[in-house]
Amino acid sequence: MNSEDKQRMEAVERWADYVVNNRDWSRQQKIFIDAQIRNARTIGLTRKQVEYIREGQIRKSR
Amino acid sequence: MAAFEIKNREITVDKEITEIDEFVIKTLAIIEKYTRYSIIGGYIAIFFGRSRATEDIDIFIKDPGFETFGRLFTELKRKGYELTIDDPKSLYHDYLKDNLSIRIWEKGFPLLNLEVKIAKSPSQKRAIKERIAVRIGNITLYFGPIEGQIAYKRHIMKGQKDLEDARHLEIVFKDLNKKRIEDYRKVFEDEFRR
């Protein structure tokens, strides 16, 4: 794991600890996730554009 | 202390419902009328608190047979959903039966979609057989075993996002069975070697 990935993993662990110890985790998560979904709705991508993005993601992960 | 504890393959979760959860709950309420399903993949970690969104929610279903699938297709279309192609016969025979997934989304918002596959391999069938019931108020969703997800993401997928999902699940769940994770790892590795 490189140092950037290591830092990301530490952030993931910090947040997971927050989920374990704080009841308001889901309120915070909802704000974060819903904002992303609303933004995506506003952009209004077509099915073809979604497929193009998805193919790019698959290529990137290979 | 841990946020979630599974007892007798059941767990009750007190959480606020996100827009992704709403889509999943609404769509799976239709699907479960026709067949058994099990949610797998990244959405599991997200449902249980991971701080990221996703566009694809993966599920395995038990083969409903063509006739039942046709009825499911009709109800989905009537309720405003779109699918990979608009032909139930081809969706069933050329996609699902040929080990390919189909996608289901609400008309006008293809970004957020349910990716559906028929469970064929032993590990896929096991995800349905050993699924856990997750209660949120009066709603029940069914997820594949958490140990199986950790094993799959950590030992098969191995991408940074997958390793992070696995670590998140490991921290937020109480009393995960380490032997079971190892058992799943062997099953997955055996399947992927073939």
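**Close-up views of a predicted model**

**Figure 1. Overall dimensions of chain B in the predicted model.** A compact globule of 194 residues would have a radius of gyration near 16 Å, and the 16 Å of chain B agrees with this. The C-alpha trace of chain B extends over about 45 × 40 × 30 Å along its principal axes. Eight helices and eight strands make up the list of such elements in chain B. Of its 194 residues, 38% count as buried. When contacts in chain B between residues at least 6 apart in sequence are considered, 61% of them join residues at least 24 apart.

**Figure 2. Strand E6 of chain B and its pairing with E3 and E5.** Strand E3 (residues 56-61) and strand E6 (residues 113-118) of chain B run parallel and are joined by six bridges. Within this pair, Asp58(B) has Glu115(B) of E6(B) as its bridge partner. Strand E5 (residues 102-106) of chain B also pairs with E6(B), here in the antiparallel sense and over four bridges. In this second pair, Ile102(B) is matched with Val116(B) of E6(B).

**Figure 3. The hairpin of E5(B) and E6(B).** Six residues lie between the two strands of this hairpin. Gly108(B), in the hairpin, takes a positive phi near 90°.

**Figure 4. The surroundings of Leu91(B) in helix H4 of chain B.** Helix H4 covers residues 88-95 of chain B, and Leu91(B) has its place there. Is Leu91(B) buried or exposed? Leu91(B) counts as buried because it has 23 C-beta neighbours inside 10 Å, where 20 or more are required. Leaving aside residues up to four places away in sequence, Leu91(B) touches Phe73(B), Leu83(B), Thr84(B), Ile85(B), Leu96(B) and Ile102(B). One of these contacts, Phe73(B), is 18 residues from Leu91(B) in sequence, and the C-alpha atoms of the two residues are 9.4 Å apart. Another of the residues touched by Leu91(B) is Ile102(B), the bridge partner of Val116(B) in the view of the strands.

**Figure 5. The contact between chain A and chain B.** Chain A gives 27 residues to the contact and chain B gives 22 residues. On the side of chain A that touches chain B, the elements giving two or more residues are helix H1 (3-21), helix H2 (25-43) and helix H3 (47-61) of chain A. Which element provides the largest share of this side of chain A? The largest share comes from H2(A), with twelve residues. By residue class, the side of chain A that touches chain B holds 13 nonpolar, five polar and nine charged residues.

Terms used: Residues numbered from 1 in each chain as written. Chains lettered and ligands numbered in written order. Predicted model: local features only at pLDDT ≥ 70, side-chain atom pairs only at ≥ 80, totals over all residues. Rg over C-alpha atoms; globule rule 2.2 N^0.38 Å. Buried ≥ 20, exposed ≤ 12 C-beta atoms within 10 Å, placed from the backbone. Contact = placed C-beta atoms within 7 Å. Pairing = 2+ DSSP bridges. Nonpolar A, V, L, I, M, F, W, Y, C, P; charged D, E, K, R; others polar.
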